[in-house]
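User: I am new to this structure and would like a close look at a single part of it. Please start from one contact and work outward through its surroundings.

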Amino acid sequence: MEFALVAPILLLLLLGIVDFARAWNVYEVLTDAAREGAREAVVDNGKTEAEVRQIIVDAAARAGIEITDADIQITGLGSGRGNPTTVRIEHTYPLRFVGALVSLAQGSNELVLATEFAMRNE
């Protein structure tokens, strides 16, 4: 009888852990894509903003994450040696398992994952 009362809570807790672990994984992939894009942007190789954006989109796509140009902000590209170039990615991640509970708390079942990486131009 006790297990029947506790099992749904444990199952919800387990699914919440899986959901947030997947969100953390997506966040780490976005951070790596921002790092890769920032590195390509600061190396003195004449890359355009469109090429840097495509590098970032490709890096995220390798992990199965689809981001758009609207998710990416690049500032300081080609601003001169020693000045920083910043790549910021904001991606909306829908929570699958605990989305209904999160929706009750914040009004939406989505998390906005934002990461930013800055490097000085070489």
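Analyst: A polar contact of 2.9 Å joins the side chains of Thr-31 and Thr-115. The term polar contact stands for a pair of N or O atoms within 3.5 Å; within protein, one atom must be able to donate a hydrogen and the other to accept it, and residues adjacent in sequence count only if both atoms are side-chain atoms. The model is predicted: local features need pLDDT of at least 70, side-chain atom pairs count only at pLDDT 80 or more, and totals for chains, interfaces and linings use all residues. Residues are numbered from 1 along each chain as its sequence is written, and side-chain values use heavy atoms, with hydrogens and water left out.

Thr-115 belongs to strand β3, residues 110–120. Strands (E, at least two residues) and helices (H or I, at least four) are DSSP runs, numbered from the N terminus. Thr-115 counts as buried because its relative accessible area is 4%; the cut-off for buried is under 20%, exposed is over 50%, and partly exposed lies in between, using a 1.4 Å probe and protein chains only. Beyond residues up to four places away in sequence, Thr-115 touches Tyr-27, Leu-30, Thr-31, Ala-34, Val-87, Arg-88 and Ile-89, where contact means heavy atoms within 4.5 Å.

Next comes the sheet that holds this strand. Three strands make up an open sheet in the order β1-β2-β3, with antiparallel pairing. Its edge strands are β3 and β1 (72–75), each pairing on one side only. From one strand to the next, the twist averages 10°. Strands of a sheet pair through backbone hydrogen bonds, either parallel or antiparallel. Here, two strands are taken to pair if DSSP finds at least two bridges between them.

Eleven bridges join β2 to β3, and His-91 stands opposite Leu-113 in β3. On the other side, β1 pairs with strand β2 (residues 84–94) over four bridges, in the antiparallel sense. Ile-74 stands opposite Val-87 in β2, while the bridge partner of Ile-72 in β2 is Ile-89. In a regular strand the side chains alternate between the two faces of the sheet. In β1, Ile-72 and Ile-74 make up the covered face, and Gln-73 and Thr-75 the uncovered one.

What lies in β2 at residue 84, and is it buried or partly exposed? Pro-84 lies in strand β2, and it is partly exposed because its relative accessible area is 47%. Its C-alpha atom is separated by 5.3 Å from that of Met-119, although the two residues are 35 residues apart along the chain. Setting aside residues up to four places away in sequence, Pro-84 touches Thr-75, Gly-76, Ser-79, Met-119, Arg-120 and Asn-121.

Two helices also meet the strands. β1 and strand β2 pair over four bridges, and helix α1 (residues 2–42) packs on the sheet, touching β2 and β3, with a direction that makes about 25° with that of β3. Helix α2 (residues 49–61) packs on the sheet too, touching β1 and β2, and its direction makes about 135° with that of β1. For these angles, axes are lines fitted to C-alpha atoms, for helices over the stretch in contact, and angles run from 0 to 180 degrees between N-to-C directions.

In α2, the buried residues include Val-52, Ile-56 and Ala-60, and what covers the buried residues of this helix includes α1, β1 and β2. Ala-60 is buried because its relative accessibility is 0%. Leaving aside neighbours within four places in sequence, Ala-60 is in contact with Val-29, Ala-33, Ile-65 and Ile-67.

These parts meet in a nonpolar core. The largest such core has 23 residues, and those with the most contacts inside it are Leu-30, Ile-56, Ile-65, Ile-67, Val-87 and Ile-89. At least two residues of this core come from each of α1, α2, β1 and β2, and α1 gives the most, with eight. A nonpolar core is a set of buried Ala, Val, Leu, Ile, Met, Phe, Trp, Tyr and Cys residues joined through side-chain atoms within 4.5 Å. Ile-89 leads back to the starting point: among the residues that it touches are Leu-30, Ile-56, Ile-67 and Thr-115.
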